[in-house]
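Colleague: I would like to learn how to read the features of a model like this one. Could we go through them in turn?

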Amino acid sequence: MIRILTLSINTLIILAFPSNELMAKQPNIVVIMADDMGYSDLGSWGSEIETPNLDQLAQSGLRYTQFKNTGRCCPSRASLLTGRHQHSVEMGWMTAVDEHRDGYRGQLSKSYPTIAETLQTNGYKTYMAGKWHLTVDGNYSNKNGTAKSNGSWPTDRGFEKFFGKLTGGASYQPGNDILNGESFIPKEELSDDWYYTDAISQAAKGYVEEHDFSKSPMFLYAAHYAPHRPLQAPENRIERCKKRYQAGYDVLRQNRFKRMQEIGIIPQNKTLPKHPQAYDGGRPMWEDLSKEQKTEWILEMATYAAMIEIMDDGIGLLIDTLQEKGQLENTLIFYLSDNGATREGGFISQLAADLSNTPYRSYKKWTLNGGISSPLIVHWPAKLANYTGELRNAQSHITDLVPTILDAIGITQVDSFNGSPIPTPHGHSLVPTFWNDEIEKRTFFFEHQTSRAIIKDEWKLVSRHIAEPWELYNLSNDPFEQIDLASSNPQKVSQLKESWDLWAEQHNVKPFEVRTWSNRIHHYKEKYPNQEGYDQ
């Protein structure tokens, strides 16, 4: 079968497609992403949170223990879908504002294809349910369901069907911001007990049920909001979780750490770090909190846990549906989180995030390990039956998913898009690691809101903010970033900083913006009143 695809007025690509029968044998691809979920929040990573469906995927698949993300919501989504560093595809900061400068346009670049666009042009049917967060807010916010696409909505970027929200965060209750394709669903059409996580799960399940697997494989991207703030869950689910948090975070952190050692995620010779530097005077012990503070923490963690457990329920429905359709065996599934847990809710939320990010230091939006570490599960029964339950300790990054998917199904990334040549993705294929083979060593780079980091071999150079000094850690001895070696090894600091600076110059990271969130948005909106986003 020959198909002619016009990507732009100046570009004509002729693609030779295999028959429907051959395409139907290609693996289905399912990518499931959680939002603001900490490194140790799954049962299969040592958590007390009950995630039996994800645990089953992990125990019959692979667990990657050294997987990194960008540290923030929309930058991670940009890297996930393109295989490129976020600044290179115009998502260097957030969708909150179009700064009208390279690297910071506030929505996904029109110059690089998404994995959905690449798979779609290679015979896959493509579906998405959940959080998009790759369109500049000015295009749709405060328009009460009347916004029109500027060319950057999911259905413009390779997804044939979409159900979900464009925004980065919103209520889990009914609202006027739910899209079906490019049409907003009136709030009045949603039931009183409508809950966003359940709706995402039902949409994903429905896509599998309606897909004709005899004609083509499917690509499904299920991008959950959970457990992103606001913390909202049905009361009966919250009550189910409260009792387990009465022990407090000191006991629960230790319990998680011990289970992670038993699983093999953490070496037996390590001890649980306290990370006192995140608090003035050190992090308080559980017994130091007042009764009111303990009650507040228990409620927050119980709600947070309930949100993850409801998401896991929906993932179970998806797995069951794939099984019923006879497709689970031939489906390559990835599960990850976009960043670490957040302290955005204040003091109690910070104490909660300390538990979620066990054993790592810091939180969402910073490039210390607590902000950029995520569990990664890979499940593919047709190919991984002899490797079930194994751990993979290879250093890996969210940009790796696109080249991994393409390698797994034998597709080559196009070399031009919208009339412009494109280089290969920044990520590397993880397929060799499926079979426990080594892959080429490389250097990893990070930046968000001037929080910067570079990881090369066993060394990590990191700075929380442009106003704070660089810190140097030997991750082979100090994976929890406790002993700063910068003052005793200035030569290594200089070498790594030089490499980071070169990367930043090459990938539209600089110049830095140091204004606060609200001042930054106000400045660029005043300077550039047109915030509708550029045409794709």
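Modeller: A cavity is a set of points where a 1.4 Å probe fits but cannot get out, whereas a pocket is an open set. The model here is predicted.

Colleague: How many cavities of 30 Å³ or more does the structure hold?

Modeller: The count is 7. The largest cavity has a volume of about 110 Å³. Its lining is made of 13 residues, and R229, L231, E300, Y304 and T342 lie nearest the centre. Two elements, α8 (291-324) and α9 (347-356), each give two or more residues to that lining.

Colleague: Which element gives the most to the lining of the largest cavity?

Modeller: That is α9, with 4 residues. By class, the lining of the largest cavity divides into 7 nonpolar, 3 polar and 3 charged residues.

Colleague: One of the residues you named is R229. What is the peptide bond from R229 to P230?

Modeller: The general idea comes first: most peptide bonds are trans. The bond from R229 to P230 is cis, with omega near 5 degrees. P230 sits in the loop between β9 and α6 (235-242). Another cis peptide bond runs from K510 to P511, with omega near 0 degrees. P511 belongs to the loop between α14 (490-506) and α15 (517-527).

Colleague: Now the pockets. What is the volume of the largest pocket?

Modeller: The volume of the largest pocket is about 790 Å³. It is lined by 30 residues, with Q66, N393, A394, Q395 and D457 the closest to its centre. The elements that give two or more residues to this lining are β4 and β12 (390-392). Of the elements, β4 gives the most, with 3 residues. The lining of the largest pocket has 12 nonpolar, 8 polar and 10 charged residues.

Colleague: And how much space lies in the second largest pocket?

Modeller: About 290 Å³. The second largest pocket has 16 lining residues, and K365, Q449, H465, R515 and T516 are those nearest its centre. Its lining has 4 nonpolar, 5 polar and 7 charged residues.

Colleague: Q449 is on that list. What is the phi of Q449?

Modeller: Most residues other than glycine have a negative phi. Q449 is not a glycine, yet its phi is positive, about 50 degrees. Q449 lies in the loop between β16 (443-448) and β17 (451-456). With a relative accessibility of 22%, Q449 counts as partly exposed. E90 is also not a glycine and has a positive phi, of about 75 degrees. The loop that holds E90 is between α3 (73-82) and α4 (115-120).

Colleague: Is E90 buried or exposed?

Modeller: Buried means under 20% relative accessible area. E90 has a relative accessible area of 14%, so E90 is buried. For an exposed residue, take K215, with a relative accessible area of 51%. K215 lies in the loop between α5 (196-210) and β9 (218-223). The C-alpha atoms of K215 and G123 are separated by 9.2 Å, and the two residues are 92 residues apart along the chain.

Colleague: Which residues of helix α2 (residues 52-59) are buried?

Modeller: An α-helix has 3.6 residues a turn, so residues three or four places apart point the same way. In α2, the buried residues are L54, D55, L57 and A58. Seen down the axis of α2, these buried residues fall within an arc of 155 degrees, so they line one face of the helix.

Colleague: What do the buried residues of α2 pack against?

Modeller: They pack against β4 (62-68), α8, β10 (331-337) and β11 (373-379).

Colleague: That leaves the interior. How many residues has the largest nonpolar core?

Modeller: The largest nonpolar core has 76 residues, and L220, Y245, W297 and Y335 have the most contacts inside it. The largest share of this core comes from α8, with 15 residues. Not counting residues up to four places away in sequence, Y335 touches I32, A34, M37, L42, L54, M311, I315, P375, L376 and I377. There is also a second, separate core of 73 residues, which includes W132, A223, L461 and Y524.

Key:
Residues are numbered from 1 along each chain as its sequence is written. This is a predicted model: local features need pLDDT of at least 70, side-chain atom pairs count only at pLDDT 80 or more; totals for chains, interfaces and linings use all residues. Side-chain values use heavy atoms; hydrogens and water are left out. On a 1 Å grid over the protein atoms alone, a cavity is a set of points where a 1.4 Å probe fits but cannot get out, and a pocket is an open set with protein on both sides within 12 Å along at least five of seven lines; lining residues have an atom within 4 Å of a point. Grid points are joined across faces, edges and corners, and a volume is the space filled by probe spheres set on the points. Ala, Val, Leu, Ile, Met, Phe, Trp, Tyr, Cys and Pro count as nonpolar, Asp, Glu, Lys and Arg as charged, and the others, Gly among them, as polar. A nonpolar core is a set of buried Ala, Val, Leu, Ile, Met, Phe, Trp, Tyr and Cys residues joined through side-chain atoms within 4.5 Å. Buried means under 20% relative accessible area, exposed over 50%, partly exposed in between (1.4 Å probe, protein chains only). Contact means heavy atoms within 4.5 Å. The arc is that of the directions from the helix axis to the C-beta atoms.
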